[in-house]
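Visitor: Please take a close look at a single part of this model, a helix crossing, and then set that part in its surroundings. One connected answer will do.

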Amino acid sequence: MNRARWLVLALPVVWMALFFAAPFAIVFSIGFTESAEGIPPYAPLLRWREDGSPYLQLNLENFRLLFDDPFYIEAYLRSLRVAAISAALCLLIGYPMALAIVRAPARWRAALLMLVVLPFWTSFLLRVTAWIGLLQDRGWINSALLALGVVEAPVALLYTDLAMYLGITYCYLPFMVLPIYATLSKLDDSLLEAAADLGARPVRAFLSITLPLSLPGIIAGFLLVFIPAVGEFVIPELLGGPDAQLIGRVLWTEFFQNRDWPLASALAVVLLIALVVPIGLFQARAARA
Amino acid sequence: MRRLKLRLLVPLGLGFAFLYLPILLMVAFSFNDSRMVTEFTGFSWRWYGALFANEALMQALFLSLRIAAISATMATILGTLAGFALFRFARFRGRALFGAIMAAPLVMPEVITGLSLLLLFVGLESAFGFPAGRGADTVAIAHATFGAAYVAVVIQARLADFDLSLEEAAMDLGARPWKVFCVITLPLIAPGVVAGWLLAFTLSLDDLVIASFVSGPGASTLPMVIFSAVRLGLTPELYALATLLLVAVALALLVALRFGLAPGRAP
């Protein structure tokens, strides 16, 4: 039996070790190299003395730069803030949707859930493209506002923070609705009936029963939106303004435009740590509550 | 029969309007006669013709479909084995670590996954000469890796409502473990395997960031071509492409529902 188990495990274990775990070790080590001309554009970490003995040439400059230059620190803080606000917006829109789907007649539920998931299965890039069409100076929203006489000149909507928040909220909404729906659908209806029998109004019953019991779903949904949004590149690049320098975008620029692989690696290491810390705090707080 | 209260119906309607209005506008304007992407002048199929005549886009589409098919198949094999092991093998050394590594790609920012895989491929090439250069192969390996994590989740969900007594009955009747797996387990989790394959296929077809890192010259996937086109400005061709994709996905979902695959399970 044990040998059969190892046969099942061997392929995924070896694959994930090689293509997921090992790359992180490499990123970590490249973060300590110096940038250099050539292919690949970094100097080797392990070098040889003239007498043939090896030594490690550690370069801490990349990490020092990340902490000394306010540009990078601000980008990190901005990424965390944008991700948190977007996740809150998803919660605001997604929670009532999930609740409505749970309370809808049973024969509608599958179709309504399907409608929530459908956009997720279509192209992410093309959904962002739709928002460019909506928001640009001669876009659908501005045309409508001009035609209605609300404004006299087009309002700048694209390449603003508003556009970025709308884009992130739009693309990640299904990730909020699904986990909240999952916890709400397991909720015991008799609790709400008991509250009603004891004279609680629907709002009171919601605040003291439904909301606290759906907290696990809220936390799961918040994390599912927050974590990928912190490293988001496409939406700030296509919808945000030039000052919307989120950390994913900064990493992209360092890598593709400045060809500074060591600095990009150092950024990836710090981003990973920056993600683990708020999630840890969040979960510790959730555990205490 | 219960009816939905107005105070829930309104946010549900607004939420769906938010989700679908941008998509419906794109569909409508894909049939616009004018090159203007906002003013509707008349009905026309011309942008669909232009789309199929666009060689760079069509080449990228076929490359992406090929990568998606290969990587989804690899992801399904890896993810099914991993999901089965995680759900069924109660205790083995390193189980917690293995579980964490299988789940990590689900939440890892794409820029980190892309960068780290590229550095691995560069390191492997300089050490062993393999993979020689980067292109469709390296993109397929990268997509199989994160696809496997999603497949593992789908398989575990499928195994969770699996009746163990069927396997026990087969074993009581003398079937060997391998035979039990092939004759009982595999057919019962088959809908999960198909759903996982479809999910991995879609994710591969949709990925821009990881592919941009690990691809090489001459291997531009569909999202890479769309991304550079969008940066130059919108064209109705892109709307036509979005419409065709939407129709394909809706048809696939209807077929999936018909056969009880329940894609709502996907994360």
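Guide: A crossing is called left-handed if the near helix is turned anticlockwise from the far one by less than a right angle, and right-handed if the turn is clockwise. By that rule, the crossing of α3(A) and α1(B) is left-handed. The residues that make this contact are Ile93(A), Pro96(A), Met97(A), Leu99(A), Ala100(A) and Arg103(A) on α3(A), and Leu8(B), Leu9(B), Pro11(B), Leu12(B), Gly15(B) and Phe18(B) on α1(B). By class, they divide into ten nonpolar, one polar and one charged. The polar residue is Gly15(B) and the charged one is Arg103(A). The model is a predicted one, and what follows should be read as such.

The geometry of the pair comes next. Helix α3 of chain A covers residues 70-103, and its axis lies 8 Å from that of α1(B), at an angle of about 120 degrees. Angles of 65 to 115 degrees count as roughly perpendicular and those over 145 as roughly antiparallel; α3(A) and α1(B) fall in neither class and are therefore oblique to each other. On spacing along such a helix, an α-helix has 3.6 residues a turn, so residues three or four places apart point the same way.

This crossing belongs to the contact between the two chains, to which chain A gives 69 residues and chain B gives 65. On the side of chain A that touches chain B, the most comes from helix α1 (residues 2-30) of chain A, with 18 residues. That side of chain A divides into 56 nonpolar, nine polar and four charged residues.

On the other chain, α1(B), residues 6-29, is also among the elements that cover the buried residues of α11(B). The others named there are α2 (46-53) and α10 (222-232) of chain B, and α5 (124-135) of chain A. The residues of α11(B) that count as buried are Pro236(B), Glu237(B), Leu238(B), Tyr239(B), Ala240(B), Leu241(B), Ala242(B), Thr243(B) and Leu246(B). Helix α11 of chain B runs over residues 236-258, 23 residues in all, and spans 33 Å from its first C-alpha to its last, close to the 33 Å expected at 1.5 Å a residue.

Chain B as a whole has eleven helices and zero strands. Its C-alpha trace spans about 70 × 70 × 30 Å along the principal axes. Of its 267 residues, 41% count as buried. Among contacts in chain B between residues at least 6 apart in sequence, 77% join residues at least 24 apart.

Back in chain A, helix α1 holds Trp6(A). Trp6(A) is exposed, with 11 other C-beta atoms within 10 Å. From Trp6(A) to Ala111(A) is 105 residues in sequence and 42 Å in space, C-alpha to C-alpha.

Two backbone details of chain A remain. Most residues other than glycine have a negative phi. Tyr159(A), in the loop between α6 (140-148) and α7 (161-185) of chain A, has a positive phi near 60 degrees. Tyr159(A) is partly exposed, with 19 other C-beta atoms within 10 Å; 20 would count as buried. Arg259(A) also has a positive phi, near 50 degrees, and sits in the loop between α12 (247-257) and α13 (261-288) of chain A. With 14 C-beta neighbours inside 10 Å, Arg259(A) counts as partly exposed.

Terms used:
Residues numbered from 1 in each chain as written. Chains lettered and ligands numbered in written order. Predicted model: local features only at pLDDT ≥ 70, side-chain atom pairs only at ≥ 80, totals over all residues. Helix = DSSP H or I, 4+ residues; strand = E, 2+ residues; numbered from the N terminus. Expected span 1.5 Å × (residues − 1). Buried ≥ 20, exposed ≤ 12 C-beta atoms within 10 Å, placed from the backbone. Contact = placed C-beta atoms within 7 Å. Axes fitted to C-alpha atoms, helices over the stretch in contact; angles between N-to-C directions. Parallel < 35°, antiparallel > 145°, perpendicular 65-115°, else oblique.
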